[in-house]
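User: I'd love a close look at one part of this chain. Could you walk me through it and then place it in the rest of the fold?

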Amino acid sequence: MNIQIFGTKKSPDTRKAERFFKERGINFQFVDMKEKGLSKGEFNSVAQALGGMDNLIDQEAKDQDALALIRYIAEEDRLEKILENQQILKQPIVRNGKKATVGYQPDVWKKWD
């Protein structure tokens, strides 16, 4: 397994995801979205695994201005705006190769091999 956890240290679900993998002795790479975030390729890969970029957006994110902008911006400009405003993404984003989840999903992670 090649696990990557994208999130922030303040996110309770991100901390629970880290604990889930630590308790099972599964190595993972933590990527702090405040410092680095997802690259364009990583974002596209996760969005494809989850059925589209809209499934990554947290409609209840604190930054409602960024959410409104992304909601109404031209389709071809949405990806760049999302990558610039990753604070509006649900957390944690957990990747395992081509598989990905958003939020705390231990039942899904248990099935990964």
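Which residues are buried in α2?

Analyst: Happy to take you through it, and please keep in mind throughout that this is a predicted model. In α2, the buried residues are Glu42, Phe43, Ser45, Val46 and Ala47. That list includes an acidic residue, Glu42, and we will meet Glu42 again as a contact of Gly37. The partners of this buried set come from several places: the buried residues of α2 pack against β1 (3–7), α4, β3 (93–96) and β4.

Let's look at the approach to the helix. Gly37 sits in the loop that joins β2 (28–32) to α2. Gly37 has a relative accessible area of 2%, so it counts as buried. Beyond its neighbours up to four places away in sequence, Gly37 touches Phe6, Val31, Asp32, Glu42 and Gln86. Gln86 deserves a second glance: 49 residues separate it from Gly37 in sequence, yet their C-alpha atoms are 6.9 Å apart. At the other end, α2 is followed by Gly51, which has a positive phi near 85°.

Now for the nonpolar core. The largest one has 21 residues, and Phe43 of α2 is among those that touch the most other members, along with Leu56, Ile57, Ile88, Leu89 and Ile93. Two or more residues of this core come from each of α2 (40–49), α3 (64–72), α4 (75–84) and β4 (99–102). Ile57 gives a good view of how the pieces meet: setting aside residues up to four places away in sequence, Ile57 touches Leu67, Ile70, Arg78, Ile82, Ile88, Leu89 and Lys90. There is also a second, separate core of 9 residues, with Ile3, Ile5, Ile26 and Trp112 among them.

Arg78, one of the contacts of Ile57, belongs to helix α4. Its relative accessibility is 10%, and because the cut-off for buried is under 20%, Arg78 counts as buried. Apart from neighbours within four places in sequence, Arg78 is in contact with Met53, Asp54, Ile57, Ile70 and Ile73.

After α4, have a look at the loop that leads to β3, where Pro92 lies. The peptide bond from Gln91 to Pro92 is cis, with omega near -10°.

Stepping back to the whole chain, there are 5 helices and 4 strands, and their order along the sequence is β-α-β-α-α-α-β-β-α. A compact globule of 113 residues would have a radius of gyration near 13 Å, so the 14 Å of this chain agrees with that expectation. Along the principal axes, the C-alpha atoms fill a box of roughly 45 × 25 × 25 Å. Among the contacts with a separation of 6 or more, 61% join residues 24 or more positions apart; the pair Gly37 and Gln86, in contact and 49 residues apart, illustrates such a link.

As for burial and surface, 45% of the 113 residues count as buried. The chain exposes about 6800 Å², and 45% of that area is supplied by carbon and sulfur atoms. Charged side chains come to 20 positive and 18 negative, with the centres of the two sets 7 Å apart.

To return to your helix: α2 brings Phe43 to the largest nonpolar core, while its buried residues pack against two helix-and-strand neighbours you can pick out on screen, α4 and β3, among others.

Definitions and conventions: Residues numbered from 1 in each chain as written. Predicted model: local features only at pLDDT ≥ 70, side-chain atom pairs only at ≥ 80, totals over all residues. Heavy atoms only, no water. Core = buried A, V, L, I, M, F, W, Y, C linked by side-chain atoms within 4.5 Å. Buried < 20%, exposed > 50% of the residue type's maximum accessible area, 1.4 Å probe, protein only. Contact = heavy atoms within 4.5 Å. Rg over C-alpha atoms; globule rule 2.2 N^0.38 Å. Areas by Shrake-Rupley, 256 points an atom, 1.4 Å probe, with all protein chains shown as cover. Lys, Arg positive; Asp, Glu negative; His and termini not counted. Charge placed at Lys NZ, Arg CZ, Asp CG, Glu CD.
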